[in-house]
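Please open the structure in your viewer, switch to a cartoon representation, and keep the selection panel at hand. The stops below are meant to be taken in order, each one beginning with something to select.

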Amino acid sequence: MSAQGRVTLGVLLDSLGTEAVTALCLPSGRQAMIGAPVIYGSDEPLTAFDGALLLVTVNPEPSLLERAAEAGATAVVVRAGLGNATALTEAAEGAGVALLAAAPGLSWGQLYALVDALLALVAPAADLGGGAQAGDLFALANQVAARVGGAVAIEDLAMRVLAYSTIGGQRIDELRREGILGRRVPEHPTNAEEYAAVLRSDQAVWSFEPREYLPRLAIAVRARGEALGTIWAIQADEPLAPDAVAVLAEAARTAAPHLARISLAADKTRRTRDEWLGWLLRGVGPVGELAASFGLHPEEPVAVVAVGTWEAKRRTDVFAATHAGDLLRTAYTAYRIRSAVGAVDGRTYAVVAVEAGTPLLRRITADTLGQINDRLGGRWRAGVGRTVASIAQIPAGARQADEALRAMCGPFADGEVGLHEELAAALFLLDAAASMRTSPVLLGEPLSLVAEHDARHGTDYVHSLRIWLAAHYDVPRAAETLSLHPNTLRYRLRRIGELIPLDDPDVRIVLGLQLRLGEIRASGTNSGE
């Protein structure tokens, strides 16, 4: 069914289901083998693809099908509903290349992730009974779904969706749909309790939370008493089969060796990859060989990306960092950005073979942060170090990426992704706040004189000062922000001038620093690393 990281077109179509892709033309039948997915744009050259699944992001000309076949692609995926679908189908038949249509609501990045997951997960499976031979976890999910009468998903302990059924007519809800597209069950307040109940039980149990979704019958998958994952069957319009509990128990025994194999391989590979990435970031060991193992060239320019949560301030948990790294790696690979991505010391890092200021890098990273936010919760941010000339300089880039992330998790940064060279002012303020954390100067004069007047007389001079300084002393603009007449603000400034020498430029600088550094203190931002 699979060989050398490939699957047949039949497995691909059956596993992903019609909600993801449909076949328009299969000149070599369902047994043609496909390999890695490749996202392709119209302005890119067609190189040797060696059985690849070509995801064409633009409306292609029929001639592209012939060129794709010559380049070695097994199948081409276009967007469903194209006006020239008939001409494309005829061209595909003539070229001998399969033509598939991607569902309109599925992004190219999501489709790439689904195919990538399928290639990583297919493995021989044991007989489930009834005379059927399960070729992989997707086939197992389909067999179980057919027997119990409800859509099925198989997950690991990290709630990653390893496989799911695609039997027509079986209804799924939005929770399952998001889990399939995101490769992980979305965060929900009831997740921990519901999964704990399944993992505590030795047999299938019902789950009715979250209430807004369909009920599920679930069972833990175990090997020698150790939990490896779960199997979930949705009950939609009709009750599940009377023997559904027994069917799930049988499926759990069948799935156990596959999940054990996947878990062992994934853990070993991930540990090795993360360890090697850590050496690169620290400049330890044979950095040239380490770089080559990730597909990076020792003498090419690279940039380091550090990813974390605003709430965590310092480091996040290993699972979250690992899952964030998985999403980031998939996104970079989908756009053919060579990278080394992993979790090191509880933080997600990526060494990418592109310039730090490349708009594509910023866009892909920001989009992926949105996915991480949806899957894991929190406010995830990324800091990008300056471009360094070679692999040997990665440690300097990593330090800058950490600094940039620290600034992005502070009160003065905008957006989700920040470059080190753009964040000099924010870093200066954070370092100044850290060095003056215990100093009375921040709360002293001249700002304290204005604050004391506000406290005694009920005025709001400190706020008026803050807005005026932020407007670069532009009275009309500051007055508009304060919803005041400009003359009213001028009167306030004259009264403040009676308390402190407001015309003195040094006083203005100190006021600005006291106000800004006070915001850092009020926000509770940890300016240390």
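What follows is a tour through two sheets, a pair of helices and a few single residues.

Before starting, keep in mind that this is a predicted model.

**The sheet around strand 7**

Begin by selecting strands 3, 5, 6, 7 and 8, which form an open sheet with mixed pairing, in the order 3-8-7-6-5. At the edges you will find strand 3 (residues 21–25) and strand 5 (residues 37–40), each of which pairs on one side only. If you look along the sheet, the twist from one strand to the next averages 30 degrees.

Now narrow the selection to strand 7, residues 75–79: is this strand enclosed or open to the outside? Four of its five residues are buried, so strand 7 is largely enclosed by the rest of the structure.

Add strand 6 (residues 53–56), which pairs with strand 7 in the parallel sense over three bridges, and display L55, which stands opposite V77 in strand 7. Then bring in helix 2 (residues 63–70), which together with strand 6 and strand 7 makes a right-handed β-α-β unit.

Moving to the other partner, select strand 8 (residues 98–102), where the pairing with strand 7 is again parallel and runs over five bridges. V77 stands opposite L100 in strand 8, while the bridge partner of V78 in that strand is A101. With the strands shown, add helix 3 (residues 85–95), which packs on the sheet by touching strand 3 and strand 8, its direction making about 70 degrees with that of strand 3. Helix 3 also has a place in the chain path, since strand 7, helix 3 and strand 8 make a right-handed β-α-β unit.

**A glycine in a loop**

Next, select G35, whose place is in the loop between strand 4 (residues 33–34) and strand 5. With a relative accessibility of 3%, against a cut-off of under 20%, G35 counts as buried. If you draw a distance from its C-alpha atom to that of F49, which is 14 residues away along the chain, the viewer should show a separation of 8.9 Å.

**The sheet around strand 16**

Now select strands 16 to 20, an open sheet of five strands in the order 17-18-16-19-20, also with mixed pairing. Strand 17 (339–344) and strand 20 (417–419) stand at the edges with a single partner strand each, so one side of each is left without a neighbour in the sheet. The twist here averages 20 degrees from one strand to the next.

Within this sheet, focus on strand 16 (residues 303–309) and strand 18 (residues 347–352), which pair in the antiparallel sense over five bridges; as a point of reference, V305 stands opposite A350 in strand 18. Two helices can then be added. Helix 11 (residues 359–376) packs on the sheet and touches strand 16, strand 18, strand 19 (380–384) and strand 20, with its direction at about 155 degrees to that of strand 19. Helix 12 (residues 394–408) also packs on the sheet, touching strands 16, 18, 19 and 20, and its direction makes about 35 degrees with that of strand 16.

Before leaving, select T309, which lies in strand 16 and, at 10% relative accessibility, counts as buried. Which residues does T309 contact, leaving aside its neighbours within four places in sequence? They are R379, W380 and C409.

**A leucine in helix 8**

Select L280, found in helix 8 (residues 244–282), and note that this leucine is buried, with a relative accessible area of 0%. Not counting residues up to four places away in sequence, L280 touches V287, L290, A291, F294, I391, I394 and P395. Of these contacts, A291 is 11 residues away along the chain, and its C-alpha atom is separated from that of L280 by 7.5 Å.

**Two crossing helices**

For the last stop, select helix 14 (residues 447–457) and helix 17 (residues 486–499), whose axes come within 9 Å and cross at roughly 115 degrees. The crossing of helix 14 past helix 17 is right-handed. Show side chains for L449, V450 and H453 in helix 14, which meet R495, I496 and L499 in helix 17; by class, this contact has four nonpolar residues, one polar and one charged.

Definitions and conventions
Residues numbered from 1 in each chain as written. Predicted model: local features only at pLDDT ≥ 70, side-chain atom pairs only at ≥ 80, totals over all residues. Heavy atoms only, no water. Axes fitted to C-alpha atoms, helices over the stretch in contact; angles between N-to-C directions. Left-handed = near helix turned anticlockwise from the far one by under 90°. Contact = heavy atoms within 4.5 Å. Nonpolar A, V, L, I, M, F, W, Y, C, P; charged D, E, K, R; others polar. Pairing = 2+ DSSP bridges. Buried < 20%, exposed > 50% of the residue type's maximum accessible area, 1.4 Å probe, protein only. Right-handed = clockwise from strand over helix to strand, strands pointing away.
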